[in-house]
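Here are some notes to read alongside the model. They go from a single residue outward to the whole chain, and then to a few backbone details.

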Amino acid sequence: MLVFGDIIVAINYFSKYFKLLDSMPLTMDNFHKLMIEILPEYSELNKDTLLEIAISLNAPFYEYNKAKQIIDLNTRKQKLKDCKLCFVDIESTSPNIQTGQIIEIGAIITQDEKIIDTFETFIYSPYVPNDIVKLTGIESYMLEDAPKIEKVLNDFRGFIGDCIFVAHNVNFDYNFISESLRLHKMPPLLNARLCTLELSRKSILSKKYALSYLNKMLGINTPTNHRAFADALTSFELYKICAKSFPNAVKTIQDLIDFSKNKITYPQRAIK
């Protein structure tokens, strides 16, 4: 039996993993080779087993051509209006993943710009630094009866399922949660992800792109900042505003991910 806590990607592996996603489609042999480079602890697994495990952990893979054994992204098949997006935000005792602990997770699952489920919880911690108290308003007494992090992480994995992980500055929230899973010997996040910070830079003209600034500038006006559920809600409202400027080429969730990363651009307009 595999001990997932011993084989999960460390923080520095995530860039390699998402580069692999960007390189799809791949032959099964190349896919296996690259995944083993990212996760050398999986080297004893054959190609089919490694693919099966990755899919079971919500990696966006499917066998596009079984005869030729071509692996591609299932996000290329998911129409944007049919895709489930999970907007996520966390608060932690430190922005440093190695020294901090998550103390609050807020998340919202949406489909076709409608909220279909929510997740919100504190996480037990014996201490909250003063700077975090000032930033978030979360004090240690508020966490005394909160569930332990192992339970919350397990519940969150069940909540997000195979949704697209969406956040403002997504690297921070995604990597922090994934590293927390690793530290507690739990399976990693391998979900596809979308960044509303990148998306807003492509869709909205603004002098700043911090979530708190856009909240006011765009008239979203969520009354609370730097609290997990409130910021997840603001990110969702920001997404809906950005959606008004998506180019016609964006049909699938992968199109949108590519658009946010400058792989799809607006057609140039003739200057009259």
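1. A residue counts as buried when its relative accessible area is under 20%, as exposed when that area is over 50%, and as partly exposed in between. Take S180 in this predicted model. Its relative accessibility is 7%, so S180 counts as buried. S180 belongs to helix α6, which covers residues 170-183.

2. What does S180 touch, not counting residues up to four places away in sequence? The residues are I102, I149 and L153. A further pair to look at is S180 and E150: 30 residues separate them in sequence, and their C-alpha atoms are 8.9 Å apart in space.

3. T252 can be read in the same way. T252 sits in the loop between α9 (228-243) and α10 (253-260). Its relative accessibility is 7%, and because buried means under 20%, T252 counts as buried. Leaving aside neighbours within four places in sequence, the contacts of T252 are T75, R76, Q78, K79 and L80.

4. Is α10 largely enclosed or largely open to the outside? Eight of its eight residues are buried, so α10 is largely enclosed by the rest of the structure. The buried residues are I253, Q254, D255, L256, I257, D258, F259 and S260. Their cover includes the strands β3 (70-73), β4 (84-92), β7 (164-167) and β8 (193-195), together with the helices α7 (196-203) and α9. After α10 comes N262, which has a positive phi near 70°.

5. For the whole protein, the count is 10 helices and eight strands. The radius of gyration is 19 Å, close to the 19 Å that the globule rule gives for 272 residues, so the protein is as compact as a globular protein of that length. The C-alpha trace spans about 65 × 55 × 30 Å along its principal axes.

6. How much of the protein is buried? Of the 272 residues, 51% are buried. Among contacts with a separation of 6 or more, 63% are between residues 24 or more positions apart. The protein exposes about 13,600 Å², and carbon and sulfur atoms supply 50% of that area.

7. The charged side chains can be counted too. There are 32 positive and 32 negative side chains in the protein. The centres of these two sets lie 9 Å apart.

8. Next, the strands. Strands of a sheet pair through backbone hydrogen bonds, in either a parallel or an antiparallel sense. One open sheet here has three strands in the order β1-β3-β2, with antiparallel pairing. Its edge strands are β1 (26-27) and β2 (61-65), each of which pairs on one side only. Two bridges link β1 and β3 in the antiparallel sense. T27 has I70 of β3 as its bridge partner.

9. Ahead of that sheet in the sequence there is a loop to check. P25 is found in the loop between α1 (14-22) and β1. The peptide bond from M24 to P25 is cis, with omega near 5°.

10. How many bridges join β5 to β6? Eight bridges do so, between strand β5 (residues 102-111) and strand β6 (residues 114-122), and the two run antiparallel. One bridge partner to look up is E120 in β6, which pairs with G106. The hairpin of β5 and β6 has two residues between the strands, and D112 there takes a positive phi near 55°.

11. E113 is also in the loop between β5 and β6. E113 has a positive phi of about 65°, although it is not a glycine. With a relative accessible area of 38%, E113 is partly exposed.

12. The last residue to check is N221, in the loop between α8 (211-217) and α9. Its phi is near 60°, a positive value in a residue other than glycine. Is N221 buried or exposed? At 51% relative accessibility, N221 counts as exposed, because the cut-off for exposed is over 50%.

Conventions:
Residues numbered from 1 in each chain as written. Predicted model: local features only at pLDDT ≥ 70, side-chain atom pairs only at ≥ 80, totals over all residues. Heavy atoms only, no water. Helix = DSSP H or I, 4+ residues; strand = E, 2+ residues; numbered from the N terminus. Rg over C-alpha atoms; globule rule 2.2 N^0.38 Å. Buried < 20%, exposed > 50% of the residue type's maximum accessible area, 1.4 Å probe, protein only. Contact = heavy atoms within 4.5 Å. Areas by Shrake-Rupley, 256 points an atom, 1.4 Å probe, with all protein chains shown as cover. Lys, Arg positive; Asp, Glu negative; His and termini not counted. Charge placed at Lys NZ, Arg CZ, Asp CG, Glu CD. Pairing = 2+ DSSP bridges.
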